[in-house]
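Me: Please take a close look at one part of this protein for me. Then show how that part sits in the whole chain.

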Amino acid sequence: MTPGYQDDKAAVLARLRRVEGQVRGLQRMVEDDTYCIDVLTQVSAATKALQSVAVQLLDDHLRHCVTHAAQADDRAETDRIITEASRAIERLVKS
């Protein structure tokens with residue numbers, strides 16, 4: 001089965017590259033002894049950007065993988081995939 005994000009793969013990769021740039025910027029800020037609160041502000045922005053990617057991936061998972069399992073009329077597989085999604089949501093909420 002192809003991943004649910006397959007249709008949005010380029011967009012997901014672009015967003016992850018932006019986050020990677022933000023993290024590199026954070027490293028430079030620490031190397032340059034930037035004021036703590038300014039670094040923390042940027043950490044928060046990078047964290048939110050990663051959470052945004054996670055939400056997009058979860059949405060893709062629900063729309064593709066869960067829908068595919070439900071259409072296949074495989075109750076056990078549908079339950080397994082929904083449980084995975086629920087656990088992923090739980091991890092996102094706890095972070």
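Reply: Start with Cys36. Its relative accessible area is 55%, so it counts as exposed, because the cut-off for that word is over 50%. Keep in mind that this is a predicted model. The part to look at is helix α2, which covers residues 36-71. Cys36 therefore sits at the start of that range.

Now move along to Cys65. Here the relative accessible area is 9%, so this cysteine is buried, the limit being under 20%. One cysteine is exposed, whereas the other named here is buried. How many disulfides does a search of the whole structure find? The count is 0. A disulfide would be a covalent bond between the sulfur atoms of two cysteines.

Next, take three more residues of α2. They are Lys48, His61 and Arg63.

Is Lys48 buried or exposed? Lys48 has 54% relative accessibility, so it counts as exposed. It also gives a link back to an earlier part of the chain. Its C-alpha atom lies 9.5 Å from that of Val19. Those two residues are 29 places apart along the chain. Val19 belongs to helix α1, where it is one of the buried residues. So here an exposed residue of α2 is paired with a buried residue of α1, because Lys48 has 54% accessibility and Val19 is listed as buried.

His61 goes the other way. Its relative accessibility is 18%, which counts as buried because it is under 20%. What does His61 touch, once neighbours within four places in sequence are left aside? The list is Val66, Ile81, Glu84 and Ala85. Look at the numbers of the last three. Ile81, Glu84 and Ala85 fall in the range of helix α3, residues 75-94. Val66 falls within the range of α2 itself.

Arg63 is exposed, with 60% relative accessibility. Its side chain makes a polar contact of 2.8 Å with the side chain of Asp59. Asp59 also lies within the range of α2. Now compare a distance to a later residue. Val93 is 30 residues away from Arg63 along the chain, and their C-alpha atoms are separated by 20 Å.

What else touches α2? Look at it from the other side, from α3. Thr78 is in helix α3. It is buried, with a relative accessible area of 10%. Leaving aside neighbours within four places in sequence, Thr78 is in contact with Ala69 and Ala70. Both numbers fall in the range of α2.

Helix α1 meets α2 as well. Val12, Val19, Gly25, Leu26 and Met29 are buried in α1. The cover over the buried residues of α1 includes α2. Helix α1 itself has 23 residues, from 9 to 31. It reaches 33 Å from its first C-alpha to its last, close to the 33 Å expected at 1.5 Å a residue.

Now check the two loops beside α2. Asp33 sits in the loop between α1 and α2. Asp73 sits in the loop between α2 and α3. Asp33 has a positive phi of about 55°, although it is not a glycine. Asp73 has one of about 60°, and it is not a glycine either. Most residues other than glycine have a negative phi. Are these aspartates buried or exposed? Asp33 is exposed at 69% relative accessibility. Asp73 is also exposed, at 69%.

Finally, step back to the whole chain. It has 3 helices and 0 strands. From the N terminus on, the order is α-α-α. The radius of gyration is 17 Å, well over the 12 Å that the globule rule gives for 95 residues, so the chain is more spread out than a compact globule. The C-alpha atoms fill a box of roughly 55 × 30 × 15 Å along the principal axes. Of the 95 residues, 21% count as buried. Cys65 and His61 are among the buried ones. Contacts across the sequence matter for the picture too. Among those between residues at least 6 apart, 62% join residues at least 24 apart. The accessible surface comes to about 6,900 Å², and 55% of it belongs to carbon and sulfur atoms.

Definitions and conventions. Residues numbered from 1 in each chain as written. Predicted model: local features only at pLDDT ≥ 70, side-chain atom pairs only at ≥ 80, totals over all residues. Heavy atoms only, no water. Disulfide = S-S within 2.5 Å. Buried < 20%, exposed > 50% of the residue type's maximum accessible area, 1.4 Å probe, protein only. Helix = DSSP H or I, 4+ residues; strand = E, 2+ residues; numbered from the N terminus. Polar contact = N/O pair within 3.5 Å; in protein donor to acceptor, adjacent residues only side chain to side chain. Contact = heavy atoms within 4.5 Å. Expected span 1.5 Å × (residues − 1). Rg over C-alpha atoms; globule rule 2.2 N^0.38 Å. Areas by Shrake-Rupley, 256 points an atom, 1.4 Å probe, with all protein chains shown as cover.
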